[in-house]
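Subject: Structure handover

Dear colleague,

I am passing on to you the structure we spoke about, together with some notes on what was found in it. Please keep the sequence and the structure open beside this message while you read.

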Amino acid sequence: MPFVAIEHPKCPKCSKSVYAAEERIAGGYKWHKMCFKCGLCGKFLDSTNCAEHEKEIYCKNCHGRKYGPKGYGFGGGAGCLSTDSGEHLENTR
């Protein structure tokens, strides 16, 4: 009977194997500790301040800015209304 190695889950960010001693779990995926950071601002995350969207993780603030509701009533009022389209929030990596 030949030896068959256990298949370890792959990190969505770097596609390398994630072992139990270094894993962080979010959105049903297992991440390396060093890969578990916001996709926009680069802040290191934990299970209380992360949000996952299409295999990418974000801090709550960046996720809300990129995917949250926009327009009047979702930011303060007419004084806070902006014509910014959010192009500066695109991931440049």
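A convenient place to begin is H63, which counts as partly exposed because its relative accessibility is 21%, and buried would require a value under 20%. Please bear in mind throughout that this is a predicted model.

H63 has its place in helix α1, which covers residues 60–67. When its neighbours within four places in sequence are left aside, H63 is in contact with A51, E52, H53, Y58 and G68. One of these partners, H53, is 10 residues away from H63 in sequence, and the C-alpha atoms of the two lie 8.3 Å apart in space.

To set that helix in its context, the protein has 1 helix and 4 strands, and these follow the pattern β-β-β-β-α when read along the sequence. Of the 93 residues of the protein, 26% count as buried. The protein exposes about 6900 Å², and carbon and sulfur atoms supply 54% of that area. Among the contacts in the protein with a separation of 6 or more, 23% are accounted for by residues 24 or more positions apart.

Turning to the interior, nonpolar side chains tend to be buried together in soluble globular proteins. In this model the largest nonpolar core has 15 residues, of which W31, F36, C38, L40, L45 and C62 touch the most other members. Strand β4 gives the largest share of this core, namely 3 residues.

The charged pairs deserve a separate look, and the count comes to 3 salt bridges. Which parts of the protein does the pair of E56 and K13 tie together? E56 forms a salt bridge with K13, with 3.7 Å between the closest N and O atoms. E56 lies in strand β4 (residues 56–59), while K13 lies in the segment before β1 (23–26), so the pair ties together parts that are 43 residues apart in sequence. As for its surroundings, K13 counts as partly exposed, at 33% relative accessibility.

Another of the salt bridges joins E23 and K30, whose closest N and O atoms are 3.5 Å apart. E23 is partly exposed, with a relative accessible area of 23%, and K30 is also partly exposed, with a relative accessible area of 30%.

There is also a salt bridge between K10 and E7, where the closest N and O atoms are 3.9 Å apart. Is E7 buried or exposed? E7 counts as exposed, because its relative accessibility is 64% and the cut-off for exposed is over 50%. K10, with a relative accessible area of 43%, is partly exposed.

K10 has a further partner in S17, since a polar contact of 3.1 Å joins the side chains of these two residues. S17 lies in the segment before β1, and, not counting residues up to four places away in sequence, S17 touches H8, P9, K10, E22 and H32. K10 therefore appears in this account twice, in the salt bridge with E7 and in the side-chain polar contact with S17.

With best wishes,
Your colleague

Definitions and conventions: Residues are numbered from 1 along each chain as its sequence is written. This is a predicted model: local features need pLDDT of at least 70, side-chain atom pairs count only at pLDDT 80 or more; totals for chains, interfaces and linings use all residues. Side-chain values use heavy atoms; hydrogens and water are left out. A salt bridge is a side-chain nitrogen of Lys or Arg within 4 Å of a carboxyl oxygen of Asp or Glu. Buried means under 20% relative accessible area, exposed over 50%, partly exposed in between (1.4 Å probe, protein chains only). Helices (H or I, at least four residues) and strands (E, at least two) are DSSP runs, numbered from the N terminus. Contact means heavy atoms within 4.5 Å. Accessible areas come from the Shrake-Rupley method with a 1.4 Å probe; for residues, only the protein chains shown count as cover. A nonpolar core is a set of buried Ala, Val, Leu, Ile, Met, Phe, Trp, Tyr and Cys residues joined through side-chain atoms within 4.5 Å. A polar contact is a pair of N or O atoms within 3.5 Å; within protein, one must be able to donate a hydrogen and the other to accept it, and residues adjacent in sequence count only if both atoms are side-chain atoms.
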